[in-house]
Amino acid sequence: PCVVAIVMLLELDGLKSLPSRSAGFHVFFFASAVQAFLLNYFIYLCSTLNSPLTTSITGQVKSLITTIYGFFAFGDVQFTFLLLLGLTLSSLGSLWYGKAKYDQSTRQQKAARQV
């Protein structure tokens with residue numbers, strides 16, 4: 001409630017003063033705000049219903065799929081050695097982090113069972 005009040009009192013005037021006041025702008029601005037809210041809600045829901053590790057792994061897989069999709073959706077990407085090296089290192093680091101967190105989680109669960 002407080003956040004809504006702050007936005008309505010402080011941000012609404014700033015939004016009205018933007019030079020682009022077409023109806024289309026406001027529709028897309030509102031749609032963007034709704035999508036941001038839903039994204040945060042679903043991340044919260046995923047963390048609540050699953051473990052934070054599941055949310056982390058899901059985010060890493062989503063980032064990898066988004067990167068690969070971007071190559072095919074935007075045809076102006078020029079594949080260079082440095083680009084492929086960076087993507088490979090980033091993907092391997094992400095997978096390594098996920099495996100490390102998974103191993104840490106399983107060790108903690110085993111330790112909790114032994115107590």
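**Close-ups of a four-helix chain**

**View 1. Ser 63 sits in helix 3, which covers residues 52-73.** Helices here are DSSP runs of H or I with at least four residues, strands are E runs of at least two, and numbering starts at the N terminus. This is a predicted model, where local features need pLDDT of at least 70, side-chain atom pairs count only at pLDDT 80 or more, and totals for chains, interfaces and linings use all residues. Residues are numbered from 1 along each chain as its sequence is written, and side-chain values use heavy atoms, with hydrogens and water left out. Is Ser 63 buried or exposed? Neither: its relative accessible area is 37%, so Ser 63 counts as partly exposed. (Buried means under 20% relative accessible area, exposed over 50%, partly exposed in between, with a 1.4 Å probe and protein chains only.)

**View 2. Ser 91 belongs to helix 4, residues 81-114.** Ser 91 is partly exposed too, at 23% relative accessible area. Its C-alpha atom lies 9.2 Å from that of Ser 63, with their positions 28 residues apart along the chain. For Ser 91 and Leu 64, 27 residues apart along the chain, the C-alpha separation is 6.9 Å. Meanwhile, the side chain of Ser 91 reaches the backbone oxygen of Leu 87 at 2.9 Å.

**View 3. Phe 71 and Phe 79 form a tilted aromatic pair.** Their ring centres are 5.0 Å apart, and the planes meet at 50 degrees. Rings of Phe, Tyr and Trp (its six-membered ring) pair if their centres lie within 6.5 Å; planes under 30 degrees apart are stacked, over 60 edge-to-face, and the rest tilted. Phe 79 has 52% relative accessibility, so Phe 79 counts as exposed.

**View 4. A nonpolar patch on the surface includes Tyr 44.** Which residues join Tyr 44 in this patch? They are Phe 30, Val 34, Phe 37, Leu 38, Tyr 41 and Phe 42, and with Tyr 44 they have about 760 Å² of accessible area together. Patch members have over 30% relative accessible area and no salt bridge (a side-chain nitrogen of Lys or Arg within 4 Å of a carboxyl oxygen of Asp or Glu); like charges are joined within 9 Å, and nonpolar side chains (Val, Leu, Ile, Met, Phe, Trp, Tyr) within 5 Å. Areas come from the Shrake-Rupley method with a 1.4 Å probe, and for residues only the protein chains shown count as cover. Tyr 44 is in helix 2, residues 23-49, and is exposed at 53% relative accessible area.

Conventions
Polar contact = N/O pair within 3.5 Å; in protein donor to acceptor, adjacent residues only side chain to side chain.
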